[in-house]
Amino acid sequence: MLRVRPRLPAWTATLTWKSACFIVVMCCSLAAVLGALVHVEVTRQTVATAREKALGKLSDVTDAYEAGEPLPPGSGLDPVGLPPELRALAAGGQRGTVVAEHRGRPTMWAAGPADGRALATVVDYGQSARTISGLDNAIIGSSVLAIGGTLLVGAFAVTRVTRRLHQTATVARRITQGDLDARVDDPRTKDPSRPQDEVATVAGALDTMAGSLQSKLESERRFTADVAHELRTPLTGLQAASELLPEGRPTELVRERVRTMRQLTEDLLEISRLDSGSEAVETDLHQLGRLARRVVRASGTDTEVVVRRDAHVETDRRRLERVLGNLVANAHQHGRSPVVLTVEGPVVTVRDHGDGFPDYLLAHGPQRFRSGGKGHGLGLTIAVGQADAIGATLRFRTAEGGGGLATLTLPGS
């Protein structure tokens, strides 16, 4: 049986979270090491001082015992409370000290041999214990404050970096969506003499790439527009001259080729205008079902129109008619009958019963001069561009049962 590993929340993958965890772990580790070192050293010194004091008192007690004088308070032979290990050490003829609880208080015992018995004395260890405890509390408190302060400063520094990274990523997405005027404009890239970090380097490279890409695309747009404009004049003259030719099959072929070239030229000009965004969108309120029927009548094709739920849409009529006309023409040119145009609210679908759209089109959308058969592949490209211009969404997929299905979703749906 496979065990499903729990997935961590998405925010745990962010650079800010990882940096915060790294800072906390490093600060805690450093504070633990330094705290342990300080604790061990101070405890060693405190115990050594108390031990020296206890042994000094034991020497005085020993002198008093040997002189037969009264022993000071807290001293005696085998006193009550003497730790067994210290008693055994003194009975063996050695002197030693040990820290232990005596009457509920921390004390330090010192003992030495005396006539086969243990002569011991006790020294108050409470102050030393309180000193060590206070030091431990101070270490813990200062460590917490240091970790908190370092975390705040680190989070502030990391957030500044991640904010700039997010800005760079946002600009990159805008460029991907076609906004070639988008730039990061990091101030660190404006002054060459100013040191640049890695984020500024990435931002500068992205701006340079966007500028170069924009220049190349603008050059291609101008080239396409210039070629189409230059072709217009000779094609107009060629069409006029073809009308003067005597009727016959050769004349029909010439006229057909001229019409094809003129249509291709107009399509190229339209694509150029769509790429440049030079045309304004003129919107008005239109009844979608009536507009769809008008498009089918103008196409002169045998297309069935089904209005399941009519709707009034605010859009550019000329551009919408262009989109629907191209979809209908493509369905008849590359698909098979019957072709059905369906209106259901602000959603219009055009379906044919052919082999469906090519795989490249389903994966990447229409591509210029690639149609998978006859035609130049510009009709669907223009349809997508005009749909974008009026804020609509055009999607292509394979219909259930076969055939191509184009779905146009107008704004407000």
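**Entry 1: the E9 neighbourhood**

I started in the middle of a sheet and found E9 and E11 running antiparallel, joined by five bridges. I looked up Arg-351 and found its bridge partner in E11 to be Leu-405. A reminder to myself before going on: this is a predicted model.

Next I turned to E8, residues 339-344, and followed its pairing with E9, residues 347-351. These two also run antiparallel, and five bridges join them. Glu-344 stands opposite Val-347 in E9. Two residues sit between the strands of this hairpin, and I noted that Gly-345 takes a positive phi near 70° there.

**Entry 2: the whole of that sheet**

In what order do the five strands of this open sheet come? I read off E6-E8-E9-E11-E10, with mixed pairing. Strand E6 (303-309) and strand E10 (393-398) have a single partner strand each, so they stand at the edges with one side lacking a neighbour in the sheet. Ignoring direction, I get an average turn of 15° between neighbouring strands.

I then checked what packs here. Helix H9, residues 378-389, lies across E10 and strand E11 (404-409). The helix runs at about 140° to E10.

**Entry 3: the other sheet I looked at**

I moved to an open sheet of four strands, ordered E1-E4-E3-E2, with antiparallel pairing. Which strands stand at its edges? They are strand E1 (75-77) and strand E2 (96-102); each has a single partner strand, so one side of each is left without a neighbour in the sheet. The twist from one strand to the next averages 30°.

I took a closer look at E1 and its partner, strand E4 (residues 117-124): they pair in the antiparallel sense over three bridges. Across that pairing, Leu-77 stands opposite Leu-119 in E4. Helix H2, residues 84-91, lies across E2, strand E3 (105-114) and E4. I noted its angle to E3 as about 20°.

**Entry 4: salt bridges**

How many salt bridges does the structure hold? I have 10 on my list. Side chains of opposite charge can pair when their charged atoms come close. I went through a few of them.

The side chains of Asp-124 and Arg-105 meet at 3.3 Å, N to O. Asp-124 belongs to strand E4 and Arg-105 to strand E3, so I logged this as a link between distant parts of the chain, 19 residues apart. I checked the accessibility of both partners. Asp-124 is partly exposed at 43% relative accessibility, and Arg-105 is partly exposed at 47%.

Back in the five-stranded sheet, Glu-344 turned up again, in a salt bridge with Arg-308 whose closest N and O atoms are 3.7 Å apart. Arg-308 lies in strand E6 and Glu-344 in strand E8, so the pair ties together parts 36 residues apart in sequence. Is Arg-308 buried or exposed? Arg-308 counts as exposed, at 61% relative accessibility. Glu-344 is partly exposed, with a relative accessible area of 39%.

For a pair outside the strands I picked Asp-355 and Arg-336, whose side chains meet in a salt bridge at 3.6 Å, N to O. Asp-355 sits in the loop between E9 and helix H8 (359-364), while Arg-336 sits in the loop between helix H7 (317-334) and E8, so this pair ties together parts 19 residues apart in sequence. Asp-355 is exposed at 68% relative accessibility. Arg-336, at 45%, counts as partly exposed.

I also found a network in which salt bridges that share partners join Asp-78, Arg-87 and Arg-117.

**Entry 5: a patch on helix H1**

I wanted to know which residues make the nonpolar surface patch of about 400 Å². They are Leu-30, Val-33, Leu-34 and Leu-37. I looked up Leu-37 and found it in helix H1, residues 15-66. Leu-37 is exposed, with a relative accessible area of 56%.

**Entry 6: the chain overall**

Last, I stepped back to the totals. I recorded nine helices and 11 strands for the protein chain. Of its 413 residues, 34% are buried. The accessible surface comes to about 25,100 Å², and 57% of this belongs to carbon and sulfur atoms. Taking contacts between residues at least 6 apart in sequence, I find that 61% join residues at least 24 apart.

Note on methods: Residues numbered from 1 in each chain as written. Predicted model: local features only at pLDDT ≥ 70, side-chain atom pairs only at ≥ 80, totals over all residues. Heavy atoms only, no water. Patch = residues over 30% accessible without salt bridge, like charges linked within 9 Å, V, L, I, M, F, W, Y side chains within 5 Å. Areas by Shrake-Rupley, 256 points an atom, 1.4 Å probe, with all protein chains shown as cover. Salt bridge = Lys/Arg side-chain N within 4 Å of Asp/Glu carboxyl O. Buried < 20%, exposed > 50% of the residue type's maximum accessible area, 1.4 Å probe, protein only. Pairing = 2+ DSSP bridges. Axes fitted to C-alpha atoms, helices over the stretch in contact; angles between N-to-C directions. Contact = heavy atoms within 4.5 Å.
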